[in-house]
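Trainee: May we go through this model one element at a time, with the terms explained as they arise?

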Amino acid sequence: MRTARRAAPRGLRTFLAAALVSAQAGGLLLGAVGPAEAAPQPPQGVVEAVRQAEEAYAAGRPEQAAEIYRGVLAAGWGSADLYYNLGCASFKAGQIGWAAGFFEEARRLAPRDADIRHNLRIVLAQKRDRVQEEGPSWLLGLLTGLLDSYAPVDVVHWLVALVWVVCLVAGVHWGIGGRARAVTRRVLPVLAVLGVLAVAALGLKAYQVASAPSGVIVAAEAQVLTGPRVGETVQFVLHEGTFVHLGRTAGAWREVWLSEQMRGWVPGESLMVLHPARWLP
Amino acid sequence: MSRGGAPSRARAGLLVVLALGAAGWASGPAGADEPSLQVQVDRQEVPEGGSISLTVTLEGFSRQAGDPEVPRVDGFEIYGRGSSTNITLINGKLSSSTSQSYQLVAQRAGTYVLPPVKVQDKGRVYQSEPITLRVLPAASGQPGRSAAPAPGAGRAPGAAPSAQRSDGRSLYAELEASKTEVYLDEQIVLRFFLYQRADVTVYELSDFSPPATEGFWREDLGQQAEQRVRLGGDLYIVREVAWVLFPTKTGDLVIGPGSVVAHVPDRTRRGFFTSMFDRRLVEVATKSLRVRVKPLPAAGRPPDFTGTVGQYEISAAFDPPQARQGEALALTLRVRGSGHIQTIGAPLWPAWEGLRVFDSGEAVSVNKAAGRVEGEKTFTQVLVPTRSGPLTLEPIRFSYFDPARERYVSLSTPPLTLDVQPAASGAPGSAGSSYVVPVGEDIFYIRQDLAGGLRRLSGQGLRGVWFVHLIPLIAAAGALWWHGRRSALARDPALARRAQGLKRAQEKLKALDPAAPAAQVASAVAEALEGFLSDWLDAEVRGMRRADLEAELRAAHAPGDLVDEVLGQLAWADDVRFGAGGRGDVAARLAGATRLVGELDAALRKVTTGVAP
């Protein structure tokens with residue numbers, strides 16, 4: 001009578017494991033840094049515009065620099081650095097609200113960038129409104145504070161990388177077996193804990209993104225009305241640089257809110273709508 | 001127990017306390033050793049027309065004690081203003097005191113003596129000490145309070161109003177400014193007076209509108225004590241509200257008017273049912289005041305003058321008084337005096353050698369109790385000695401404009417000396433190191449050459465290669481399947497044999513040469529078929545009777561045609577090997593056997609339930 005072990009030739013198992021490891025290593029790389037060949041370079045016109053904006057800023061014409069940077073954005077090109085420069089130019093042009101919005105966009109793309117955080121702090125120190133927001137519980141606040149230095153895409157990277165690693169170890173564990181299994185048997189529980197943490201981090205990040213303001217007041221003064229039309233009662237007044245949460249849209253009006261009680265409508269042109277968080281690399 | 005039991009007990013307890021208190025009150029102060037008579041005045045100097053508050057306090061007297069006898073005093077008219085009684089019960093000991101208030105309105109300048117106030121109780125006379133009072137001439141401009149007003153500030157709030165005539169009016173208001181021609185930022189006391197002739201009834205005052213003070217910084221001094229003054233032979237009750245004003249611009253500025261609404265009896269409704277509810281409202285308004293504000297003179301303006309107006313003195317001190325190289329200490333300059341304290345400008349600090357200097361801020365303390373704005377402003381500098389040894393610092397100069405003297409005044413601290421001890425070992429500064437401190441804050445500069453980092457905003461994401469991330473999942477699933485299959489085979493040897501039966505049979509048949517001797521082919525075919533069936537049926541088929549084999553195959557639900565074909569192939573092989581059967585078409589037999597094991601394997605897999613091999 002023949003045994004089952006003889007039914008699975010060693011050559012086949014070795015081949016399968018090697019293929020698995022190769023695929024996983026390549027995939028890990030792709031998942032971590034993204035396909036380099038898929039990032040096209042900006043056209044010469046965009047490069048030239050950026051250079052002109054830098055010259056305008058250096059020559060003390062921040063309004064012109066901001067205008068050019070906005071053109072680059074409108075052409076569909078952007079980066080944390082571009083938002084940073086746009087924030088600088090807006091601030092120097094006296095547009096506190098726009099500066100706050102652009103620095104916040106930059107911060108969301110590169111949350112660990114110290115220069116961006118510094119400039120955002122400087123700008124926010126100059127806004128008039130001090131908003132008393134009800135924060136989360138201390139534990140949730142601590143955890144979201146830890147995650148504040150990471151963009152959503154970073155958390156997705158962690159999770160993807162962890163999936164690759166788990167699959168690699170699982171492949172070794174089930175596909176190769178033997179002595180390797182003694183190692184993988186110890187590694188897999190650790191990976192399971194890491195997986196739980198990564199999923200929890202993803203959930204917290206989703207909460208953080210969902211509870212973050214999605215707009216900023218750019219008008220020097222914006223009256224918040226009870227309804228989306230001129231003539232409604234003025235509930236309170238916001239000033240440029242104040243971050244708000246956005247609600248419904250009614251024509252050219254947008255619902256904003258600071259808290260459950262403090263909500264109302266402002267004209268759309270008095271707002272800068274921040275881009276939603278990017279979750280994919 | 002009734003529901004009202006507890007409250008009843010509480011009421012009973014209260015009654016006992018009240019009864020004890022009443023008994024104590026009726027029998028005089030329990031434990032009071034000696035009755036006490038106190039006579040107090042709020043001031044002893046008053047200008048002509050001003051008033052002094054006199055309070056007589058009786059403590060420990062019996063109920064039979066008479067009212068205090070306040071003697072007449074020459075030069076004053078005395079008016080009673082009411083009384084109050086205070087009863088306290090502490091640790092079962094009852095004590096009571098009665099206070100009676102009087103107002104003494106000064107009539108003539110001079111020095112007078114208030115004779116002792118007397119009280120009779122149980123046949124005994126108690127009396128106070130005499131008090132000397134001084135009435136100053138009204139023209140002297142001396143205030144009615146002990147605290148003198150700032151030079152140029154005129155009469156202090158609470159002092160008698162300057163009005164000497166009433167023109168016979170019974171209820172009127174006036175504005176009074178301490179000065180009507182002032183320098184920029186010079187302190188003025190503005191007083192709103194409401195005059196009410198003593199025989200006029202006013203039920204209530206309402207809707208007070210302070211005078212408009214555009215062009216002035218205003219500090220409230222609040223409502224002042226009520227006074228009684230005699231004007232043109234009539235006695236008036238005077239109420240007062242006061243402010244301190246600091247002009248913030250030059251030119252002719254208008255103050256006021258101020259007004260208040262008085263609720264007075266309605267004399268038009270006379271009759272039996274006339275009551276205090278029959279009232280009419282009278283608005284009593286002042287006239288406006290015009291104040292001329294002069295600019296500060298350009299002549300004589302010191303170079304270090306920073307706009308401070310008033311009367312000040314300065315002092316400077318180190319904290320801690322001892323200094324050590326590399327360690328910070330504070331130098332505080334105090335500017336104390338009367339004027340617009342909040343706007344006192346910072347001094348021009350000298351450039352001191354041997355020190356690093358950091359501005360540490362300023363603090364303001366304002367006091368308006370004296371009827372004017374006074375106080376102090378402190379300016380603090382943090383100093384870090386950069387070398388040890390004695391240091392003599394250049395004095396700090398401070399200049400201000402004194403509107404009373406109409407000239408600039410420059411003050412200077414004495415030279416400031418520091419004995420700087422050598423730095424502690426390892427401390428900053430001991431090896432010539434220095435602190436870096438921020439002196440300004442702004443946003444950081446833009447980033448250059450950022451074009452290379454630009455990305456398509458709309459093209460972000462995995463750009464169509466997302467499926468790459470399915471690879472690990474698929475691979476892991478495959479490995480898991482592989483692991484499961486191996487486990488299943490290891491657990492079930494019959495299953496493992498079945499899984500390999502077809503392969504082994506086909507290999508065996510494939511290895512045969514169709515041109516080989518018929519007996520050899522027949523033997524191999526029989527062996528392959530019997531081996532395959534043994535694997536599938538998990539039973540040794542060799543030596544099994546064909547009828548038994550047929551029964552086994554049919555029990556395994558093998559299709560009937562295939563069973564017949566198996567039996568036919570085995571019969572042919574037996575014929576070739578053991579009988580006289582002809583060779584036949586060996587190649588066809590071999591091909592047929594190969595096809596047969598394949599079809600049989602597929603058929604048996606179909607009918608097999610459970611884990612498919």
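Trainee: How many of the 10 residues of strand E12 (residues 188-197) of chain B are buried?

Mentor: Residues are numbered from 1 along each chain as its sequence is written, with chains lettered from A and ligands numbered from 1 in the order in which they are written. The model is predicted: local features need pLDDT of at least 70 and side-chain atom pairs count only at pLDDT 80 or more, while totals for chains, interfaces and linings use all residues. Strands (E, at least two residues) and helices (H or I, at least four) are DSSP runs numbered from the N terminus, and a residue is buried if 20 or more other C-beta atoms, placed from the backbone, lie within 10 Å of its own, exposed if 12 or fewer, and partly exposed in between. By that criterion E12(B) is mostly covered, and its buried residues number nine.

Trainee: In which sense do E12(B) and E16(B) pair?

Mentor: Strands pair if DSSP finds at least two bridges between them. Strand E10 (residues 171-177) of chain B joins E12(B) through seven antiparallel bridges, with Glu174(B) opposite Phe193(B). Between E12(B) and E16(B) there are 10 bridges, and Leu190(B) stands opposite Trp243(B) there. The sense of the E12(B)-E16(B) pairing is antiparallel.

Trainee: Which strand gives the most to the largest nonpolar core?

Mentor: A nonpolar core is a set of buried Ala, Val, Leu, Ile, Met, Phe, Trp, Tyr and Cys residues joined through C-beta atoms within 7 Å. The largest has 60 residues, and Ile188(B), Leu190(B), Val244(B), Leu245(B) and Val291(B) have the most contacts inside it. Eight of the core's residues come from one strand, residues 234-247 of chain B, namely E16(B).

Trainee: How many residues does the other core have, the one that includes Ala66(A)?

Mentor: That core lies apart from the one just described, and among its residues are Tyr84(A), Leu86(A) and Ile217(A). In soluble globular proteins, nonpolar side chains tend to be buried together. The number of residues in this other core is 48.

Trainee: What share of the contacts in chain B between residues at least 6 apart in sequence joins residues at least 24 apart?

Mentor: Two residues are in contact if their C-beta atoms, placed from the backbone, lie within 7 Å. Ile188(B) illustrates this: beyond its neighbours within four places in sequence, its contacts include Ala177(B), Val244(B), Leu245(B) and Val291(B). For chain B, with seven helices and 30 strands, the share is 73%.

Trainee: Which two strands stand at the edges of the sheet E2-E9-E6 (chain B)?

Mentor: Three strands form this open sheet, with mixed pairing, and the twist from one strand to the next averages 25 degrees. E2(B) runs parallel to strand E9 (residues 131-136) of chain B over three bridges, and Glu45(B) faces Arg134(B). Each edge strand has a single partner, so one side of each lacks a neighbour in the sheet; the edges are E2 (45-47) and E6 (110-114) of chain B.

Trainee: Is Asp42(B) partly exposed or buried?

Mentor: Asp42(B) belongs to the loop between strand E1 (36-41) and E2 of chain B. Outside its neighbours within four places in sequence, Asp42(B) contacts Ile52(B) and Ser53(B), and the C-alpha atoms of Asp42(B) and Ser53(B) are 5.6 Å apart. Because Asp42(B) has 16 C-beta neighbours inside 10 Å, it counts as partly exposed.

Trainee: How are H5(B) and H6(B) oriented to each other?

Mentor: Axes are lines fitted to C-alpha atoms, for helices over the stretch in contact, and angles run from 0 to 180 degrees between N-to-C directions. Helix H5 (residues 546-555) and helix H6 (residues 560-578) of chain B pack at about 155 degrees, with axes 10 Å apart, and Leu553(B) of H5(B) and Leu567(B) of H6(B) are among the residues making the contact. Angles under 35 degrees count as roughly parallel, over 145 as roughly antiparallel, 65 to 115 as roughly perpendicular and the rest as oblique. H5(B) and H6(B) are therefore roughly antiparallel.

Trainee: At roughly what angle do the axes of H3(B) and H4(B) cross?

Mentor: The axes of helix H3 (residues 493-510) and helix H4 (residues 518-537) of chain B come within 8 Å. Among the residues that meet are Leu502(B) and Ala505(B) in H3(B) and Ala528(B) and Phe532(B) in H4(B). The crossing angle is roughly 175 degrees.
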